[in-house]
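Visitor: I would like to go through this structure with you. Could we take it one element at a time?

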Amino acid sequence: MSEATLTASPPRPEIQFPWKILSALAAVAGIALTAYGAALSKEGVPSARFEWSSGLLSAAAFIYLGAFALYLVHLARGSDLFSRLGSLATQAGLALHTAGLLVRWTLSGLSQPPWTNLYESLVYFAWGIAAVYVFFEWRTGNRAAGAFVIPTAVLMMGLAALSASHSKEIPQIMPALQSGWIKIHVTFACIAYAAFLVAFGFAILYLVKDGVRSAFLLAVYSAFAAVTFLSYGLGDVLLHAEFPLKWPTIIGTGELLSAPKPVPYAGQFFLVAFLLYGTAAGLYFAGKSEARKRLQDFGPPAFLAAFLAHTAGMILAARHAATTHPIPMRPEMTLLQWDVNAYVLALTVLVWMGSLLTILLDWRAAKLSEGLPRAKLLDEWSYRAVLIGLPLMTLNLITGAIWANNAWGSYWSWDPKETWALITWLVYAAYIHTRIVAGWSGRKSAAIAVAGFGVVLFTYLGVNLFLSGLHSYGSPQ
Amino acid sequence: MTSTPETPAPAATRETPAALARLGDALWQILTNVKLGVFWLLLLATLSIIGTIIPQTTGSIETLQGYVARLGPERADLYNRLGLLDVYHSWWFLAVLVLMCTSIAAVSIDRWPRIHGEFSSDEPVPPPQRFGGPLSKKWTLLSAHTRLSDFQALFSRFFGAPQISHVGEKEAVLYSNRGRWTRMGVYFVHVGILTTSAGAVLGKFWGFTNGQTYIREGSSSDSIVILSGVSPQGEVLTRPHELPFAVRCDDFEVQFYDDPKTGEKTRNPSLFRSRLTILDGGREAMTRDIFVNDPLRYGGYTFYQASYDEEQEPLVRLAVQTAGTDERFPLITKINEPFQLAGEKLRYVVRGYEENFEIPEAGVLGPAVGIEMIQEDGTPATVKEEGKERPLRFLVFQDYPDFDARREGRHIFRLESVEKKFSTGLQVAKDPGVWVVWTGSALMVFGMALAFFLSHQKSWLKITAEGAAFGGVVHKHRLAYENKVAAFFEALEKEFPAARGIET
């Protein structure tokens, strides 16, 4: 009989701090903040209750950012204390986030759930991520995946915060959205995606623990970053044939303004970042043969340079954006106060966060690996997360079909969002089949979990950025 | 299959069945290969991507017309034939779907004996090796005062109420066999997928979803139009369809949201509502309000609130007062429909209607009609003013009833209301497969719950005079079961402090 347990070993005895009491306090505070907010008046524009709800959501966003920082310190130093603090911060953020959402819900007299437009959807998906992550932390006792999961919640809250003020108001939803199914359909999507994100987090930890060379992970990530940059630069290339001259307009533009205003030099920095990410990936794969092994040594420096260029571009864009205002005459034409396409911004920031994590991982892989539970457990947790995600994804598709059958007159329309949700489902169905029947596990399964999350990301953000269809409620235009 | 020795057949015909059987076996081997199943899953995912990148003409006549306009009829037709413009209904996409379903069916048949065997296998009397596996342990019990019921209570706390399967003089076996239905989970999922597909086929061949009809308020219709595609020239092709009953639109209503800040009406619709009555065999079979998310279902047909049309010629209700008297009479007219009033040679005609008349300096003045006076031959009547011929035209406002009195004409007009009739736009579908699809979906979800969240666990505790032995087998979620077993061992050793574990 092995001594294996599903939960990781208990914390070392020297840290005898009442963590559980603090977690309970956070939950109680959440309830109290909800009750206080619900008791406020909802008269007036904006009402006291509305302000309270928005305040709670902003506070939650900042607390998640703090939690991400703490998890990063944990990643870099392997300190249990910091992961404990990160965990507590996530729980406190979740308590405030829940309170904010509930108070917002009461604003519509509970008739309209707080997830009916892009702003609300971002806030809700961030909530789902935090909630599912806290659940997994509680079930597994492991806090290392936070560094890979929480930044996604931070990103979504950040994007929501950047939305134009009119989209933060309680939306007047179109008749097609006035259905009880919106509550259940979006909730299934939210939790399923969050579960796949957690599966991704554990899969990365598994790969680290299993001793996959961090140079390899770095190369794969570089390729992903380069492809992402290329994918949204591609629009300008193919449509205008003005690559790389038009490159600066990808960010800080543009599309919604009648006269696009490129951000000076930001585009050039992004172009350099794209080329360097590509180079970093290329050097690794070119150096695979014994004869050219030295090439691989240049991979990480190229990646670091790409990251710096990426950072510089983001700073320039941010500075530019800070001085750009929404079009006052046509408030419905811009979604972000930064006149940037929300999804381009999301991808740019997401790839940046990923690069930051990749650098940390490359630098501290050994240290991180030391503090992780055994590889088999991480593999099992990743699998468990998929086992939760796939049935919920099925329910997401089915409830969506039932709703569509009532609203659109057909249960399946091959709308791009619908189709990509099906693609996501097929990918995770493949994961389950390879695992249960073909006996895959470990690295192969982790690879699918990582790639699968890329598909999830495209389904949630990419579809609305690149494709159009019936699910246009989440579109910036 | 081989031929019987009594009836020797010519060599050629004897070989053929054998070769066929070999071929069949090989084909079966391929079909039941799980790797092939995964390949279909991923191929389907890949092919699905194509249809999300190339704008599809599924349900969008405009898109196909756009292609025809841009590529010309020949090339649009070629792309259409290749299935690129309607990937999800192309022969190759459907072929992959069919192949995947075939794989699912073949695998299900192929594995049935094994899985059914595992499902129904019951081992109340365990073979000895069950107590020697990785999930087993043996104890010597030094105390003689333990009773079987104590073990039973402890065992059932962890593994459910046991079956006391083997009571001899010297030994008893507590046995639990839990979660065997998880073995059937995969069948529920796969049968669910096949059922859903069957429902889709049913709907495809014996149903339609793109029927359309517009019905004016107060009138009824017993026929609809089904959009069947677009011709190579880009014309919309339709076919008529007779309903076995008639639908009457009693009332249509569209409401708009108020701006929360100013309280003014916005152009964002908040509600579409049609009151429909089904006229079946000459009697009113059903009257019901429908909304966007709440269609009407009758006789296998479903009517969805899809759009609406405003009538071009509204009914104008005027109140006319003869100047200098209190005599007032109502007058109902239509736009461009002349009418004559007693004592006047000229005729009047309502020329236009504004729902919200706006004058730049004066602001918004509400509903108004413009009235023109005409001669008997229909030409505009004019009046000479400062040497110029000026047409006799004037405005009548609904919100300012005394405005027209200032004109000092022979009659004073007041605008009571302008009534527009709506036509409700209904989408009509008839899909006999939809309940089959829901049944398949329910089977899938139920099957996944069985397959993913249960595990088949068999546990035995053998108690003899000398001691006890535990054995367990589990086929998935091993870690969770291991935890449970470990906790059971701990509890057993706590409850029976005399128990001594023996390394196996």
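Guide: Certainly. In this predicted model, helix α7 of chain A covers residues 181-209. At 1.5 Å a residue its 29 residues should span 42 Å, and its end C-alpha atoms are 42 Å apart, which agrees.

Visitor: How many of the 29 residues of α7(A) are buried?

Guide: The count is 25 of the 29, so α7(A) is largely enclosed by the rest of the structure.

Visitor: And what comes just after α7(A)?

Guide: G211(A) follows, with a positive phi of about 85°.

Visitor: How many helices and strands does chain A have?

Guide: Chain A has 14 helices and 0 strands. Of its 477 residues, 53% are buried. Among contacts in chain A between residues at least 6 apart in sequence, 77% join residues at least 24 apart.

Visitor: Let us turn to the contact between the chains. How many residues of chain B are in contact with chain A?

Guide: On chain B, 49 residues are in contact with 41 residues of chain A. The elements of chain B that each supply at least two residues to that side are α2 (34-53), β7 (265-280), β20 (422-430), α7 (434-453) and α8 (478-495).

Visitor: Which of them gives the most?

Guide: That is α2(B), with 12 residues. By class, the side of chain B that touches chain A has 30 nonpolar, 14 polar and 5 charged residues.

Visitor: Then α2(B) deserves a closer look. What is its length against expectation?

Guide: At 1.5 Å a residue, the 20 residues of α2(B) should span 28 Å; the end C-alpha atoms are 29 Å apart, which agrees.

Visitor: Which residues of α2(B) are buried?

Guide: They are G37(B), V38(B), W40(B), L41(B), A45(B), S48(B), G51(B) and T52(B). These residues cover an arc of only 150° around the axis, which puts them on the same side of α2(B).

Visitor: What covers them, and what is on the face turned away?

Guide: The cover of the buried residues of α2(B) includes α13 (416-436) of chain A together with α4 (91-120) of chain B. The face turned away from the buried side carries the exposed residues K35(B), T46(B) and I53(B).

Visitor: You listed β7(B) as well. How does it pair with β6(B)?

Guide: Strand β6 (residues 236-258) of chain B and β7(B) pair in the antiparallel sense over 11 bridges. D258(B) stands opposite K265(B) in β7(B). The hairpin has 6 residues between the strands, and G263(B) takes a positive phi near 80° there.

Visitor: And which strand does β7(B) join through 7 bridges?

Guide: That is β8 (residues 283-290) of chain B, and the two run antiparallel. T277(B) has T287(B) in β8(B) as its bridge partner. β7(B) and β8(B) form a hairpin with 2 residues between them, and G281(B) in the turn has a positive phi of about 60°.

Visitor: Moving on, what is the strand order in the sheet that contains β13(B)?

Guide: The order is β13-β14-β15-β18 in chain B, an open sheet of 4 strands with antiparallel pairing. Its edge strands are β13 (339-340) and β18 (393-397), each pairing on one side only. β13(B) pairs with β14 (residues 347-359) of chain B over 2 bridges, and F339(B) stands opposite Y348(B) in β14(B).

Visitor: Now a loop. Where is Y400(B), after β18?

Guide: Y400(B) lies in the loop between β18 and β19 (411-419) of chain B. Y400(B) counts as partly exposed, with 14 C-beta neighbours inside 10 Å. Its C-alpha atom is separated by 68 Å from that of M448(B), 48 residues apart along the chain.

Visitor: And D122(B): buried or exposed?

Guide: D122(B) is exposed, because 11 other C-beta atoms lie within 10 Å. The residue is in the loop between α4 and β1 (137-141) of chain B.

Visitor: Finally, confidence. Where in chain B is it lowest and highest?

Guide: By element, strand β23 (residues 499-502) has the lowest mean, 70, and α7(B) the highest, 96. Over residues 1-11 of chain B the pLDDT is below 50. Chain B averages 85, with 94% of the residues scoring at least 70. For the complex, the predictor gives an ipTM of 0.83 and a pTM of 0.83.

Key
Residues numbered from 1 in each chain as written. Chains lettered and ligands numbered in written order. Predicted model: local features only at pLDDT ≥ 70, side-chain atom pairs only at ≥ 80, totals over all residues. Pairing = 2+ DSSP bridges. Contact = placed C-beta atoms within 7 Å. Nonpolar A, V, L, I, M, F, W, Y, C, P; charged D, E, K, R; others polar. Buried ≥ 20, exposed ≤ 12 C-beta atoms within 10 Å, placed from the backbone. Expected span 1.5 Å × (residues − 1). Arc of directions from axis to C-beta. pLDDT = per-residue confidence, 0-100.
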